[in-house]
Structures are given as C-alpha cells and as structure tokens.
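This report walks through a few local features of the structure shown below, taking surface patches and backbone angles in turn.

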Amino acid sequence: MAEESDLEKTEPASERRLEKAREEGNVARSRELTTLVMLSTAIGGLWFTAESLGGTLSAALRRGLQFERGIAYEPQQMLARTAWMVMQTLLAMAPLFAMMVVAAVVAPMMLGGWLLSGKAVSPNFGKLDPLAGIARMFSTQSLAELVKALAKSLLIGGVAYLVIMDDLEHVMALLGQPESTALPHTIMLVGRSCALIAAALVLVALVDVPWQLWTYYKKLRMSREDVRQEHKESEGDPHIKAQIRRQQQAIAKRRMMAEVPKADIVVTNPTHFAVALKYIDGDMRAPRVVAKGTDLVAQRIREIAADNKVAILEAPPLTRALYKHTRLGDEIPSGLYTAVAEVLAWVYQLKRWKSEGGEAPRTPIDVAVPDELQYTVAV
C-alpha cells in the first residue's frame with residue numbers, strides 16, 4: 001500500500017497520537033525562544049551585577065598587572081596569585097552563571113513543557129540513511145529554516161550595526177578612562193547592546209513560536225484511515241468485540257436457564273413472552289425474576305419448566321408487565337405485588353393438592369395489572 005501523502009492527512013492529531021509523540025520525545029520546541037530567554041537572562045544578570053562584577057574584575061586585573069620582583073623568582077607565588085584571580089572571577093560571576101543555568105532549564109519548558117524521554121536519546125540508525133538525509137536537506141522544512149536563519153541574521157546584524165555605530169564614541173572614550181570606571185562602563189555598554197539585540201529577537205520569537213506550533217501539529221496530522229485504525233486499536237476490533245458479546249450472552253443465557261428448574265412459577269404470554277419467578281420466605285423481600293425471554297428463549301424456558309415440573313401459568317398482562325419493568329435478578333415492582341401474590345398462592349395450593357389430594361385449586365384467570373404497568377405489544 002502506497003504511503004499516504006500530506007494532502008490525505010486532513011484530520012487533527014488525536015490526544016493519543018500527541019501523547020505517543022511526547023513519549024517518543026517529539027514535542028514543539030523553539031530555539032529562538034530559548035535564545036531570547038537566555039540572552040534576556042544574561043542581560044538582566046549583567047545589569048544587576050554590573051557594579052559588583054566590574055569592581056571584582058577591576059581589582060583582579062589591577063592585582064594581576066602589579067609587578068613584584070619576588071614573584072618573578074617564585075613560580076609558586078605566581079601560580080597562587082593566578083589561582084586567586086580565577087577564583088575571584090568565578091565567585092563574582094557565580095550569580096550570573098546560576099541564572100543562566102536556570103534559564104537553560106526553564107526556557108525549553110515554555111513551549112512543550114517538561115519532557116524526559118529515553119526514546120529521544122536512543123540510537124536511531126534510520127537517520128544514517130544518506131538518501132533520507134539528502135531528502136531532508138531539500139525538504140520544505142529545511143528551506144523554511146534557511147529562510148528564517150537568513151532573515152534572523154539580517155535583522156540581528158542590522159540592529160547590532162546600528163547599536164555599535166551609535167555607541168562608537170562611548171567605546172572610543174573607554175580608552176582614556178581608568179580601569180576602575182572603564183570595566184563597569186564596558187559591561188553597561190555590552191548590556192545595552194545585548195538588550196537592543198534581544199528586542200530584535202523578540203520579533204523573531206513572535207514569528208518562530210507560532211510557526212513551530214503550526215509545523216508540529218501539521219506533521220502529526222492524521223488521515224481518516226489513521227483515525228479509524230487508532231479507534232480500532234483503542235476500542236478493540238468491532239468483530240472481536242461482537243464475538244465476545246455473543247459469548248457473554250451465551251454464558252448469561254446458560255446461567256439463566258440453569259435457574260429455571262429452581263423457580264416457583266413461570267408465567268407466559270402464552271407464546272411470545274415467558275418470565276420465571278422465585279420467592280424464598282425470610283430470605284427475599286419480594287419475588288425475584290430468575291429468567292425471562294421472548295420467542296425462542298421463551299419457548300426454551302417453558303420446555304425446561306415442563307421437564308422439571310415447574311408450574312406454568314398463562315397470564316399475558318402480568319407476563320408482559322414483568323418482562324417490561326424488570327431486569328434479570330430484580331425484585332418485582334411494588335405495583336405487581338398483589339397480582340404475583342395471587343399467582344404464588346395458586347402455586348402453593350397446587351403443590352399441596354398434588355401432595356395431599358382433595359379439591360383442585362382454581363386456576364387464576366385475568367390476573368389484574370395496574371394500568372400504569374400495562375405493556376401492550378402490537379401484533
């Protein structure tokens with residue numbers, strides 16, 4: 001079967017497909033947003049630490065440029081001074097480094113959220129296919145990335161040029177300043193330049209984030225066949241489900257039929273409906289329906305009842321009402337208590353007559369059923 005083209009994938013990605021893509025480490029990411037956040041963090045860090053950082057670096061530089069005759073002949077002292085200068089520099093820049101680490105962790109989570117997937121770092125030898133690599137190089141995605149990179153370079157390069165030209169006089173003036181003021185001013189100039197460049201990156205990120213989201217969801221779109229296949233996998237094959245339902249119904253039917261010989265009475269329509277009732281005094285609040293069915297099932301209930309000498313009574317209105325208003329295992333509705341009590345009284349009298357003899361009990365005829373419980377079947 002030929003691989004489906006993008007034109008056939010018209011359906012949006014389902015929740016399951018998005019979740020599966022996330023498990024595989026495939027989420028929407030924007031490198032431009034990450035770059036913007038990290039650059040903004042660096043600028044903010046430089047802005048707030050400029051004075052202390054400048055002072056520390058100035059002191060370290062002044063100490064490093066001092067010449068002491070004794071140190072020239074003592075390499076150990078020279079190494080100790082160098083180590084001190086490095087340590088002072090690292091301590092001064094530690095807050096900035098800490099902010100950059102936090103930004104590096106938080107920035108990717110701003111689009112796509114937190115993700116930790118082993119599949120994303122597992123080897124994929126399919127990516128080593130040179131033909132597939134060439135195809136990716138000349139794909140629409142690669143072309144879009146190239147255009148975006150060129151536009152970003154032109155924008156940022158233009159902003160950087162304008163900033164540098166505007167601050168050129170201030171940069172040249174640094175040459176005549178002592179190091180105690182030159183370093184803080186240099187840091188401030190760098191921070192200002194980076195802030196203006198970051199402002200340009202805001203425009204890039206505002207374009208890149210929607211583009212990455214659109215590309216991500218477009219790549220995960222599904223064809224109608226994909227939707228049907230996913231539904232089949234998640235819900236199960238309809239044919240298998242139907243087969244399971246048939247088996248469950250067959251088991252339930254056999255279990256139901258096994259209860260018919262234990263019933264006290266089977267009431268019939270006489271041919272279309274049959275309902276088996278059972279009542280145990282002291283264990284049940286009201287008689288229960290232990291079996292019921294229509295047509296062939298009703299016929300089978302009658303046959304089993306006859307084989308096991310269970311009383312059978314033709315009571316069409318009562319049978320239809322019981323079939324309509326009860327489920328298997330339910331107690332009979334309170335509105336049918338009187339009618340069922342009349343039927344069960346006949347059953348008990350019938351059992352006593354069969355064991356003791358005497359006058360045969362009168363078979364109930366036209367057992368009354370309340371109008372609200374009547375169930376009429378069109379013939």
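Where does Lys309 lie?

## A loop residue with positive phi

In this predicted model, Lys309 is found in the loop between H11 and strand S4, the strand that covers 311–314. Although Lys309 is not a glycine, its phi is positive, at about 55°. Lys309 counts as exposed because its relative accessibility is 75%, and the cut-off for exposed is over 50%.

## Asp295 in helix H11

The helix on one side of that loop, H11, is made of residues 295–307, and Asp295 lies in it. Asp295 also has a positive phi, near 50°, in a residue other than glycine. With a relative accessible area of 45%, Asp295 is partly exposed, since that class lies between under 20% for buried and over 50% for exposed.

## A negative surface patch

Glu15, Glu19, Glu23 and Glu24 together form a negative patch on the surface. One of these residues, Glu15, has its place in helix H1, which is made of residues 15–23. Glu15 counts as exposed, with a relative accessibility of 66%.

## A nonpolar surface patch

A second kind of patch, nonpolar and about 670 Å² in area, is made by Val101, Val102, Val105, Val106, Met109, Met110 and Trp114. Among them, Met109 belongs to helix H4, which is made of residues 75–109. Because its relative accessibility is 34%, Met109 counts as partly exposed, and it can therefore belong to a patch, for which over 30% relative accessible area is required.

Conventions. Residues numbered from 1 in each chain as written. Predicted model: local features only at pLDDT ≥ 70, side-chain atom pairs only at ≥ 80, totals over all residues. Heavy atoms only, no water. Patch = residues over 30% accessible without salt bridge, like charges linked within 9 Å, V, L, I, M, F, W, Y side chains within 5 Å. Areas by Shrake-Rupley, 256 points an atom, 1.4 Å probe, with all protein chains shown as cover. Salt bridge = Lys/Arg side-chain N within 4 Å of Asp/Glu carboxyl O. Lys, Arg positive; Asp, Glu negative; His and termini not counted. Charge placed at Lys NZ, Arg CZ, Asp CG, Glu CD. Helix = DSSP H or I, 4+ residues; strand = E, 2+ residues; numbered from the N terminus. Buried < 20%, exposed > 50% of the residue type's maximum accessible area, 1.4 Å probe, protein only.
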